[in-house]
Amino acid sequence: MKTSWRSAALVASAVSVLALTTACGQESGASSASQNVGATAPAGGIAGVGSGYGGVGAGVGSSAPAATGGVGAGAGAGTGAAGQLSVSANAELGKVLIDGGGMTLYRFDADTAEPPKSNCDGDCAKTWPPVPADDATAGDGIDKSLLGEVTRSDGSKQLTVDGWPVYRYAKDTNAGDTNGQGVGGKWFALAPDGKKAKAESDLPGLSVRNDPNLGEIVVDKNGMTVYRFLKDKAWPEPVSNCNDACLEKWPVVAPVATNDTEGVQKKGLMSFTRSDGTKQMTVNCSPIYTFSGDKAPGDINGQGVGGQWYAVAPDGKLVGAPKQ
């Protein structure tokens with residue numbers, strides 16, 4: 001009996017390894033990528049009625065990791081201090097401004113920026129809590145000269161970005177939620193420059209750009225350079241060793257369907273489940289990321305950072321990395 005049990009266990013183990021080999025070696029990752037397409041953080045649901053200041057707005061999922069400080073994940077949008085503002089890469093909206101707790105920040109079309117003026121009071125301000133100007137600071141990727149304040153009708157000071165009064169949304173319950181996007185056709189997530197957040201291009205989920213310094217490199221749907229981390233593993237299964245604070249600087253690339261790529265090698269093109277339970281895309285089985293220090297499509301500020309981070313070639317190899 002013992003011999004039979006061990007034989008069965010060995011067979012099961014071999015089958016498991018074979019299946020993994022096929023996943024990381026197959027020509028097309030269509031089934032893996034398409035099944036796992038989704039946000040890398042809990043997606044928002046359907047937003048409710050905005051107390052007379054907007055109708056029903058569908059939430060847009062986000063890949064933003066939960067930050068620390070301020071309003072914590074699960075606490076919902078509140079009236080606390082903004083803390084250090086930062087930039088989150090959202091799969092649907094591009095770059096989105098978030099507060100120190102990872103909560104999405106919004107602007108209201110009925111407000112004005114020149115001069116700054118808030119037209120959201122009473123019940124509106126309960127649904128869309130104004131963000132206090134006190135203690136708000138600019139993190140990486142944010143021009144601190146754009147931060148300001150406006151005096152509200154009740155005498156309180158509200159944060160402004162490029163003149164636009166800033167709000168949270170009461171029905172955003174987790175860091176990265178964007179349930180307020182498009183509510184009533186008047187409320188929109190803020191981009192780092194104070195404009196309405198939106199994807200910067202109509203590129204495929206992953207494609208190839210010819211960089212004058214690096215040659216052909218992979219970019220995401222917003223045209224942002226994609227990177228690999230030398231400490232990650234691709235075999236026998238993808239493993240990301242970028243966690244916690246690392247993810248604030250190097251956001252993961254969310255899963256992309258194989259048919260939403262162009263010029264990228266299909267072999268090993270797949271997604272996997274990270275140790276924190278979220279999904280991440282790979283090229284040739286290696287986990288891929290963008291860099292928070294890249295401010296615009298075409299930037300390659302992450303290239304060679306710490307001797308560990310490098311742009312990705314269409315075949316998944318590291319571009320410009322020293323031979324290991």
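The paragraphs below go through a predicted model, from its buried residues to its sheet, its backbone exceptions and its salt bridges.

A starting point in the interior is Leu105, which is found in the loop between strand 2 (94-98) and strand 3 (106-108). Leu105 counts as buried because its relative accessibility is 0%, under the 20% limit for that class. Leaving aside residues up to four places away in sequence, Leu105 touches Leu85, Leu97, Ile98, Asp99, Val131, Val166, Tyr167, Arg168, Phe188, Ala189 and Leu190. The fold also brings Leu105 to a C-alpha to C-alpha distance of 8.8 Å from Ala191, although 86 residues of sequence separate Leu105 and Ala191.

The next topic is the nonpolar cores. The largest nonpolar core has 14 residues, and the members that touch the most other members are Tyr106, Cys120, Trp128, Tyr167, Trp187, Ala189 and Ala197. Strand 3 and strand 10 (187-189) are the elements that give two or more residues to this core. A second core is separate from it and has 13 residues, among them Ala82, Ala133, Ile142 and Leu159. Two of the residues that Leu105 touches, Tyr167 and Ala189, are among the best-connected members named for the largest core.

Further along the chain is a sheet. Strands of a sheet pair through backbone hydrogen bonds, and the pairing can be parallel or antiparallel. Here 3 strands form an open sheet in the order 14-15-16, with antiparallel pairing. Strand 14 (270-273) and strand 16 (286-287) are the edge strands, each pairing on one side only. Between strand 14 and strand 15 (residues 279-283), the antiparallel pairing runs over 4 bridges. In the register of the sheet, Ser271 stands opposite Met281 in strand 15.

The loop between strand 15 and strand 16 holds Cys285, and this residue leads to the backbone exceptions. Most residues other than glycine have a negative phi, and most peptide bonds are trans. Cys285 is not a glycine, yet its phi is positive, at about 70 degrees. Cys285 is also buried, because its relative accessible area is 3%. Asp162 is another non-glycine residue with a positive phi, in this case about 55 degrees. The position of Asp162 is in the loop between strand 8 (157-161) and strand 9 (164-165). With a relative accessible area of 39%, Asp162 is partly exposed, whereas Cys285 is buried.

Cis peptide bonds make up the other kind of exception. One joins Glu114 and Pro115, with omega about 0 degrees. Pro115 sits in the loop between strand 4 (112-113) and strand 5 (116-117). The peptide bond from Trp235 to Pro236 is cis as well, with omega near 5 degrees. Pro236 is placed in the loop between strand 13 (227-229) and helix 4 (245-249).

The last topic is charge pairing. Side chains of opposite charge can pair when their charged atoms come close. A search of the whole structure finds 7 salt bridges. One of them connects the side chains of Asp121 and Arg152, at 3.0 Å from N to O. This pair links distant parts of the chain, with the two positions 31 residues apart: Asp121 is in the loop between strand 5 and helix 3 (123-127), and Arg152 is in the loop between strand 7 (147-151) and strand 8. The partners fall into separate exposure classes: Asp121 is partly exposed, with a relative accessible area of 31%, whereas Arg152 is buried, at 9%.

Another salt bridge pairs Lys195 with Asp193, and the closest N and O atoms are 3.9 Å apart. That distance qualifies because the criterion is a nitrogen to oxygen separation within 4 Å. Lys195 is exposed, with a relative accessible area of 52%, a value over the 50% needed for that class. Asp193 counts as partly exposed, at 33% relative accessibility. In the salt bridge of Arg209 with Asp211, the closest N and O atoms are 3.1 Å apart. Arg209 is partly exposed, with a relative accessible area of 22%, while Asp211 is buried, with a relative accessible area of 4%.

Conventions
Residues numbered from 1 in each chain as written. Predicted model: local features only at pLDDT ≥ 70, side-chain atom pairs only at ≥ 80, totals over all residues. Heavy atoms only, no water. Buried < 20%, exposed > 50% of the residue type's maximum accessible area, 1.4 Å probe, protein only. Contact = heavy atoms within 4.5 Å. Core = buried A, V, L, I, M, F, W, Y, C linked by side-chain atoms within 4.5 Å. Pairing = 2+ DSSP bridges.
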